[in-house]
Amino acid sequence: MLRAFSRQMAHGKRSTLSLLSSLPTAPRLSTMAIELVPLPLPASADPSKFQNFGREVRGVDAGNLTEEDLKQIEDALYKYDALLFRNADVTPEQQYRITKHFDPTSENYGHGNNKTGETKKSILHPDLKTIPSVPQVQLIGNGTVYDHWGLAEAKLKHPSHTSFHKTVVSDEDAEKGVTRFYRWHIDAALYDLNPPKVTTLYGVKVPEGPAQVCRYDDGTGDELTLPLGTTAFVSGRTMFDILPTEYKSLAVRAKVKYAPHPYVWMAPAKAMSTGLGIESDGLELPLDELPAWEEGKIKVLPVLWKNPVTGGLHFQVHPCGAKELIVSPLPEGASREGALYPDGAHITDLKEVRDILYKMQRPAIAPSLVYPHDWRPKDLVLFHNRGVLHTVVGAFKAETIRAFHQCNLAASAEPVGPSEEDIKQWA
Ligand SMILES: [Fe+2]
């Protein structure tokens, strides 16, 4: 059923993308104006689903953006969810400044600036190395990097599905370049800290190599040919838009309660073959074995997050960290016919929670709905972390060097959920 659903959602008609769209520009000293150009899509993507997704920003120097540039870029980010600057020269300080523009009072990295101590057991711990002079910027990648922005030596390891998924591709297939989505996620601590509004990713060293085949291995036969070491994105807006009516009604009424210290909680558990959540085998760390936690710091977040510029609703759930679902009853006057949980519900059975979320999220990671970014050196990508899900893909040899700078900031406020009008419209 899922497959038929995905297929049904994916066969939009191909349309010609407009080649250029210019934003209105304020008076500038320079003669250059910001241009927004649609990102090139791979043959696997359905262009009709990407008309409002992804733009290359041209005409500005990413390292020296004016306040006026930043305002236009902020507006464009919320409209298009992912922005690319090619051949950008940006220092960690400049990258931090761009990131901070989206939330000027935020100071801390999305997972907190101090990632030692109690979070040592977190599954994220080995993936991040902090740039000493700008602790909000992390060095991520693969291989050993020397003398890098104050880091004498950094041993990096590209996350691999082989350490996270319950099943893995065979060595023989891996040798042929078969891989998987590692983990679909939002960049967010999901405990105490608020999900960052934007994440910036800068490719310092980008290895070249043959394309890889990402297999879903979920019985659908879905697979996708992807550039080596791509970052894959799907739109949370599309994730909502393609849901059938009864699931739209559920989504607009639902909140997710995340586990305390979710990355420590999930560390012993294993993921699904699509990287879209955890297998329910009861392996999560019991709550009394977690580092100290308080009920008040647990995150309960709406399933749908409202875009501050377009007003659109984005399905933003980190499936791995979700623990419970809280569903409000249908509003007065809404039709009960076919409605799921018309009287509301508090779903605490972990498998049931995950099954419901998977049913709603899986259609949106269909091959035709994935934008895999084909990294070039000095690419700077800004993505709307409250509007997309993303994942690392692929596998590198131990000696292959890949170095990226990543920055996001724990937000000053929680994401905003659906308005009363949204609930009336969709419930
Ligand atoms: Fe991420």
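**A walk through two sheets**

Start by selecting β14, β13, β17 and β18: these 4 strands form an open sheet, lined up in the order β14-β13-β17-β18, with antiparallel pairing. Keep in mind as you click around that this is a predicted model.

Now colour the two outer strands, β14 (300-302) and β18 (345-347). They stand at the edges and each has a single partner strand, so one side of each has no neighbour in the sheet. Turn the view a little and look at how the strands lie: on average, neighbours in this sheet are turned by 20° against each other, direction ignored.

What holds strands together like this? Strands of a sheet pair through backbone hydrogen bonds.

Next, zoom in on β17, residues 322-327. This strand runs antiparallel to β18, and 3 bridges join the two. Which residue of β18 stands opposite V327? Select A345 and you have found it.

Stay here and add helix α8, residues 350-361. The helix packs on the sheet, where it touches β17 and β18. Compare directions, too: α8 makes about 75° with β17.

Time for the other stop. Select β19, β12 and β21, and you'll see 3 strands in an open sheet, ordered β19-β12-β21, again with antiparallel pairing. The edges here are β19 (371-373) and β21 (388-392); each has a single partner strand, so one side of each is left without a neighbour in the sheet. Neighbouring strands in this sheet are turned by 25° against each other on average, direction ignored.

Finish with β12, residues 231-235, which pairs with β19 in the antiparallel sense over 3 bridges. Pick F233 in your viewer, then its bridge partner in β19, Y371.

Technical notes: Residues are numbered from 1 along each chain as its sequence is written. This is a predicted model: local features need pLDDT of at least 70, side-chain atom pairs count only at pLDDT 80 or more; totals for chains, interfaces and linings use all residues. Two strands pair if DSSP finds at least two bridges between them. Axes are lines fitted to C-alpha atoms, for helices over the stretch in contact, and angles run from 0 to 180 degrees between N-to-C directions. Two residues are in contact if their C-beta atoms, placed from the backbone, lie within 7 Å.
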